[in-house]
Number of protein chains: 2
Amino acid sequence: MEKRCINSSALTILGNNDVVNNTSSSMKEIPKNAKMPQKENLQFGKTFSPHMLTISYQNNEWKNPKIIPYGNLSISPGSSCLNYGMTCFEGMKAYKSLNGDSSLRLFRPDKNMERLSRSMKRLSLPGYDFDHQELIQCIQKLILLDKDWIPEGEGYSLYLRPNVIAMSDNLGLSNPDSLLLYVVCSPVGPYYKDGFKPVRLLCESKYVRACKGGTGDCKIGGNYAPTMKPAKEAADKGYHQVLWLWNDEVTEVGAMNVFFVFQRKREDGSIYKEIVTPPLTRGDILPGVTRSSIIDLAHRWEGYDMVERDVTMLEVAEAVKDGMLNEAFGAGTAAVVSPIECIQYQGEDLDIPAMGEVTQRAWDELMAIQYGKVEHPWSVEVTTMEE
Amino acid sequence: MEKRCINSSALTILGNNDVVNNTSSSMKEIPKNAKMPQKENLQFGKTFSPHMLTISYQNNEWKNPKIIPYGNLSISPGSSCLNYGMTCFEGMKAYKSLNGDSSLRLFRPDKNMERLSRSMKRLSLPGYDFDHQELIQCIQKLILLDKDWIPEGEGYSLYLRPNVIAMSDNLGLSNPDSLLLYVVCSPVGPYYKDGFKPVRLLCESKYVRACKGGTGDCKIGGNYAPTMKPAKEAADKGYHQVLWLWNDEVTEVGAMNVFFVFQRKREDGSIYKEIVTPPLTRGDILPGVTRSSIIDLAHRWEGYDMVERDVTMLEVAEAVKDGMLNEAFGAGTAAVVSPIECIQYQGEDLDIPAMGEVTQRAWDELMAIQYGKVEHPWSVEVTTMEE
């Protein structure tokens with residue numbers, strides 16, 4: 001085992017009565033015999049499971065992987081995470097399988113680990129070259145310990161939030177030498193409780209989410225804070241979310257990737273559908289795991305042409321007016337897919353047929369894989385190698 | 001007093017033996033009888049004074065301004081500050097005057113308060129409309145309490161770091177309703193201990209610090225984390241800092257504003273000097289307090305033309321080659337001014353006469369004001385209204 005790597009076999013599990021070093025959890029700790037709330041009452045990201053995983057990076061190595069009671073962290077007011085936004089995170093889910101074997105499953109956790117490494121590298125955080133499988137092992141142990149907090153049913157899961165924060169205590173801007181990697185878990189229900197609720201979007205012309213040379217292609221805490229004001233301004237105008245543009249090019253929707261489905265005619269007169277999502281080439285778009293999965297699935301669908309390419313709002317608007325835009329949707333871990341029914345562009349509401357066949361098919365196929373209803377290499381069973 | 005405002009007269013001072021609510025300070029607390037290190041040994045931002053100011057924002061109001069022993073904060077792992085970069089800060093200094101009256105002074109604290117409000121507003125944080133004078137009053141009480149930690153001498157000061165962090169405990173992206181505003185203090189010495197050390201810069205062509213529609217004109221934590229990697233890459237090539245460009249336009253240097261001094265000829269053949277700093281119009285440049293002060297001072301200098309306008313590296317490079325670039329320097333609170341002796345542009349090192357008369361004059365005039373050697377409205381004496 002390389003020294004710099006996380007060692008999952010050294011993982012210690014501490015109970016509520018153990019002395020816990022880096023938490024002062026008096027107020028926040030989840031009571032010992034706490035039970036998960038009724039699953040119908042879960043609010044996204046507001047309820048946490050009783051345990052969390054913490055791993056420190058100090059003196060050039062990852063050390064002390066620990067599972068401890070969920071509780072507050074003790075953080076220096078001079079830390080780089082609180083002062084300079086040195087944080088990056090992941091979003092992933094653990095599922096109770098719906099194939100009758102009651103196994104627990106993760107969806108492509110390797111993709112989350114890869115992206116976490118990339119984000120850390122972009123922030124010049126040390127330890128980005130951790131062993132991905134070791135961290136997945138630690139996370140699996142956490143999931144198994146809190147398995148009673150994974151609600152059952154399609155759309156229900158245990159949302160997992162790995163977060164890496166720079167702990168170095170220095171107001172001088174410098175590369176941090178001390179980190180905390182932690183994972184907290186939040187039981188969540190379907191994003192749309194009563195079936196899909198198509199969203200209305202406002203094209204954002206004043207604010208930019210990311211630009212070439214920035215960090216839009218990494219999952220960095222600082223990418224998100226600046227989106228609150230544009231989101232609020234859109235909400236005040238009656239729209240659910242912002243459609244982010246770069247000049248006129250569509251980039252993302254809210255905190256999701258975006259897909260459009262155009263109807264096209266071949267030279268021989270036959271009809272096909274082009275599924276388009278903006279490309280990763282400019283570096284201003286997050287390489288979403290759901291995005292990548294839908295692309296891979298769609299490449300195998302007959303009658304569809306799945307393309308990653310630039311798409312301008314002008315093209316979208318013209319297609320809407322010509323009746324050639326069949327559907328549009330957002331894609332991300334939280335909501336999986338999110339149908340779009342309207343985009344305001346240059347003062348005009350463009351209406352889009354909501355919940356088309358591609359949106360539905362992406363949802364169905366992802367659900368089947370994530371909940372183990374079909375065998376698929378993307379669905380990884382939660383086990384511990386030692387047990 | 002408006003409810004939403006900070007009330008400095010309600011400020012409570014708690015000692016080491018009091019129960020302190022939102023800190024778990026066992027490891028980090030500064031011992032009761034600690035003394036400031038020898039001023040020659042101070043490292044920027046690594047030593048902290050014994051006290052800190054904390055003010056909470058909850059239920060739509062600022063409450064409980066407190067001065068407490070310096071120590072770690074207790075923060076939820078699900079907080080918006082740790083997950084979504086919802087933090088913004090200020091940098092300011094308290095000075096021991098060098099005019100013999102031993103008064104303590106702040107430099108334009110109103111500018112820092114204004115900018116903090118702007119940054120909070122850009123992040124859609126509530127409570128951005130706090131009463132600036134009330135917060136300055138609280139900060140002054142903190143300075144007076146830790147006045148023995150203000151090292152004396154030109155270039156020495158107590159660096160003050162107000163920081164606002166979003167405490168809301170919600171993994172769903174949303175406008176935070178709970179904040180902590182805190183101020184920690186760090187005694188610091190001159191940035192350049194043995195006189196000015198001119199810096200060598202590398203023009204950054206791959207990474208961008210900020211873009212139009214972003215947050216480059218606000219002091220937001222998330223602006224800084226992405227600059228570590230470019231800074232490290234420049235250091236690996238033997239340069240001290242990055243010169244940030246937008247396309248070819250110069251924007252900032254490292255974490256400072258930038259000034260150039262060109263030699264120009266009038267139509268009548270007479271020579272004058274044009275001092276140029278990039279403008280705030282695009283919104284990708286931080287409105288620095290030092291920047292604004294130098295602009296104001298230079299407007300009064302005879303024989304100089306102080307201009308805020310776009311300046312491209314092509315223009316800078318041509319001026320260097322024609323011998324028409326007299327000097328260039330960075331400007332910010334930490335270093336005040338930082339002379340530039342070389343800029344690498346398109347693979348070529350452009351040598352610049354370092355430490356010219358404008359750099360020196362800006363330094364001298366700012367020192368005189370900041371250390372109370374001259375009477376000036378920008379220098380504010382630290383007092384408490386009640387005492």
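**Exercise 1. Which residue of β17(A) is the bridge partner of A:Phe329? Work outwards from there to the strands around β16(A).**

*Step 1.* A:Phe329 has A:Pro339 as its bridge partner in β17(A). Strands here are DSSP runs of E with at least two residues, helices are runs of H or I with at least four, and both are numbered from the N terminus. This is a predicted model, in which local features need pLDDT of at least 70 and side-chain atom pairs count only at pLDDT 80 or more, while totals for chains, interfaces and linings use all residues. Residues are numbered from 1 along each chain as its sequence is written, and chains are lettered from A and ligands numbered from 1 in the order in which they are written.

*Step 2.* Place that pair in its strands: β16(A) and β17 (residues 336–345) are antiparallel and share four bridges. Strands count as paired if DSSP finds at least two bridges between them. With three residues between them, β16(A) and β17(A) make a hairpin.

*Step 3.* Now turn to strand β13 (residues 257–265) of chain A, which is antiparallel to β16(A) and joined to it by six bridges. Here A:Phe260 is partnered with A:Ala328 of β16(A).

*Step 4.* Finally, check burial. A residue is buried if 20 or more other C-beta atoms lie within 10 Å of its own, exposed if 12 or fewer, and partly exposed in between, with C-beta atoms placed from the backbone. Seven of the eight residues of β16(A) (residues 325–332) are buried, so the strand is largely enclosed by the rest of the structure.

**Exercise 2. Which residues of α7(B) are buried, and which are exposed on the other side?**

*Step 1.* Start with the helix itself: α7 of chain B covers residues 357–370, and its 14 residues reach 20 Å from first C-alpha to last, close to the 20 Å expected at 1.5 Å a residue. That expected span is 1.5 Å times one less than the number of residues.

*Step 2.* The buried residues are B:Val358, B:Thr359, B:Ala362, B:Trp363, B:Leu366, B:Ile369 and B:Gln370. Seen down the axis of α7(B), they fall within an arc of 140 degrees, so they line one face of the helix. The arc is taken from the directions from the helix axis to the C-beta atoms.

*Step 3.* B:Glu357 and B:Asp364 are exposed on the other side of α7(B).

*Step 4.* After the helix comes B:Gly372, with a positive phi near 65 degrees.

**Exercise 3. Is B:Asn60 buried or exposed? And is B:Ser124 buried or exposed?**

*Step 1.* Find B:Asn60 in the loop between β2 (51–58) and β3 (61–69) of chain B. B:Asn60 is not a glycine, yet its phi is positive, at about 65 degrees. Most residues other than glycine have a negative phi.

*Step 2.* Count neighbours: B:Asn60 has 10 other C-beta atoms within 10 Å, so it is exposed.

*Step 3.* B:Ser124 sits in the loop between α2 (109–122) and α3 (132–145) of chain B. B:Ser124, also not a glycine, has a positive phi of about 65 degrees.

*Step 4.* B:Ser124 has 21 C-beta neighbours inside 10 Å, so it counts as buried.

**Exercise 4. How many residues does each chain give to the contact?**

*Step 1.* Chain A gives 55 residues and chain B gives 55 residues. Residues are in contact if their C-beta atoms, placed from the backbone, lie within 7 Å.

*Step 2.* Look at the strands: β4(A) and β4 (residues 73–75) of chain B pair antiparallel over three bridges. A:Ile75 has B:Leu73 as its bridge partner.

Note on methods: Two residues are in contact if their C-beta atoms, placed from the backbone, lie within 7 Å.
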